Amino acid sequence: MDKYKCRVVSQDLLAEGIFSLWIDAPQLVKDAHSGQFVSVFITDPSRILPRPISICDLDKENGLLRLVYRIAGEGTRLISMLTPGDAVELLGPLGNGYKIDTRKPLLLGGGIGIPPMLRLAKELRESGVAKEDIKVVLGFRDETFLLDDFEEVSTVYLTSDSGSVGVQGNVLDGVREYKIESDMIFACGPTPMLRAIKAYSGETGIKAQLSLEERMACGVGACLACVCESTDTDDHSKVHNKRICKDGPVFFAEEVVL
């Protein structure tokens, strides 16, 4: 984990309020992997704290990092204004990512939890898992994004709140509708979705790795601002808490209370 001065390569609008940002960051990407995140520093001096954004993709051969994010406030609005050639400071890679020792994976992404699933799908392919065995269920509000990228490396199923694409409902509705089987679940999305997946994991006995979302301040585990309740005792705080930024953001479902 280090702080790097990087350059923007490109930035594109994917859907309403959702942007794809490619950054030249060769030193950062060489040790990064799926499930981790970076902290993006804002050029506005009135905004001291960086914004944590999950890694969507990595081009290690060319030293490029891809971040796909939604505008959620003034900080991410300022990030969306970056253009090719602009300087940007990044801290990372941060956190602990997914463990991919599986041959029959099921990837569940909801909303802005969809982008991190792309790098995971690619790493599963690189590990030798066949494209048809990488099942990905994506849950959208209405407008879709990143579908072409996912379809290159995985078998994709869709759900949406309105039923405008795929099955109407959430990602678990899609799993049941399509009768998808797996030996490991990987998930990223809003807390209600992760809570349901944790319950599904308990019911079926299928292990699940969950990437938790939380507001972060330091991003390195020092401030204890992004804790979640855990089922064991945290070595740092000596209570039943885990620091999402440092101990996570990825946890096995049985490790956390949601």
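Reader: In this predicted model, in the loop between which elements is L146 found?

Author: The model is predicted. L146 has a positive phi near 70° although the residue is other than glycine. At 6% relative accessibility, L146 counts as buried, the cut-off being under 20%. The loop that holds L146 runs between β9 (135-140) and α4.

Reader: Is K179 buried or exposed?

Author: K179 is not a glycine, yet has a positive phi of about 55°. Its place is in the loop between α5 and β12. A residue counts as exposed over 50% relative accessible area. With a relative accessible area of 70%, K179 is exposed.

Reader: At what angle do helix α5 and helix α6 pack, and how are they therefore described relative to each other?

Author: Helix α5 covers residues 171-178 and helix α6 covers residues 191-204. Their axes are 9 Å apart and make an angle of about 40°. Angles under 35 degrees count as roughly parallel, and 65 to 115 as roughly perpendicular. The angle of about 40° falls in neither class, and α5 and α6 are therefore oblique to each other.

Reader: Which residues of α6 meet α5, and how many nonpolar residues does the contact have?

Author: On the α5 side, the contact is made by V171, L172, V175 and R176. On the α6 side, M193, A196, I197 and Y200 take part. By class, the contact has no polar residues and 1 charged residue, and the number of nonpolar residues is 7.

Reader: Why do the buried residues of α5 lie on the same side of the helix, and what arc do they cover?

Author: The buried residues of α5 are V171, L172, G174 and V175. Their placement on the same side of α5 follows because the arc they cover around the axis is only 155°.

Reader: Which elements are included in what covers the buried residues of α5?

Author: V171, L172, G174 and V175 are the buried residues of this helix. Among them, V171, L172 and V175 are also in the contact with α6. What covers the buried residues of α5 includes β8, β9, β10 (155-160) and α6.

Reader: What arc do the buried residues of α6 cover around the axis?

Author: M193, L194, I197, Y200 and S201 are the buried residues of α6. They are on the same side of α6, because the arc they cover around the axis is only 115°.

Reader: Against which elements do the buried residues of α6 pack?

Author: The face of α6 turned away from its buried side carries the exposed residues P192, G202 and E203. The buried residues are M193, L194, I197, Y200 and S201. These pack against β8 (105-110), α5, β12 (184-188) and β13 (208-211).

Reader: How far does α6 reach from its first C-alpha to its last?

Author: α6 has 14 residues, and at 1.5 Å a residue the expected reach is 20 Å. Just after the helix, G205 takes a positive phi of about 80°. From its first C-alpha to its last, α6 is close to the expected value, with a reach of 20 Å.

Reader: Which residues does I185 touch, not counting residues up to four places away in sequence?

Author: I185 lies in strand β12 and counts as buried at 0% relative accessibility. V136 is 49 residues from I185 in sequence, with a C-alpha to C-alpha separation of 9.9 Å. Not counting residues up to four places away in sequence, I185 touches L106, L108, I197, Y200, I206, K207, A208 and Q209.

Reader: How many of the residues of helix α3 are buried?

Author: Helix α3 spans residues 115-126 and is mostly covered. Its buried residues are P115, P116, M117, L118, R119, L120, A121, E123 and L124. What covers them includes β4 (51-54), β5 (57-59), β6 (64-70), β8, α4 (147-153) and β12. Of the 12 residues of α3, the number buried is 9.

Reader: Which residues does a cis peptide bond join?

Author: The bond in question has an omega of about -5°. One of its residues, P93, lies in strand β7 (residues 87-94). The cis peptide bond joins G92 and P93.

Reader: How far apart in space are A72 and D86?

Author: A72 is found in the loop between β6 and α2 (74-79). This residue is exposed, with a relative accessible area of 75%. A72 and D86 are 14 residues apart in sequence, and their C-alpha to C-alpha distance is 21 Å.

Note on methods: Residues numbered from 1 in each chain as written. Predicted model: local features only at pLDDT ≥ 70, side-chain atom pairs only at ≥ 80, totals over all residues. Heavy atoms only, no water. Axes fitted to C-alpha atoms, helices over the stretch in contact; angles between N-to-C directions. Helix = DSSP H or I, 4+ residues; strand = E, 2+ residues; numbered from the N terminus. Parallel < 35°, antiparallel > 145°, perpendicular 65-115°, else oblique. Contact = heavy atoms within 4.5 Å. Nonpolar A, V, L, I, M, F, W, Y, C, P; charged D, E, K, R; others polar. Expected span 1.5 Å × (residues − 1). Buried < 20%, exposed > 50% of the residue type's maximum accessible area, 1.4 Å probe, protein only. Arc of directions from axis to C-beta.
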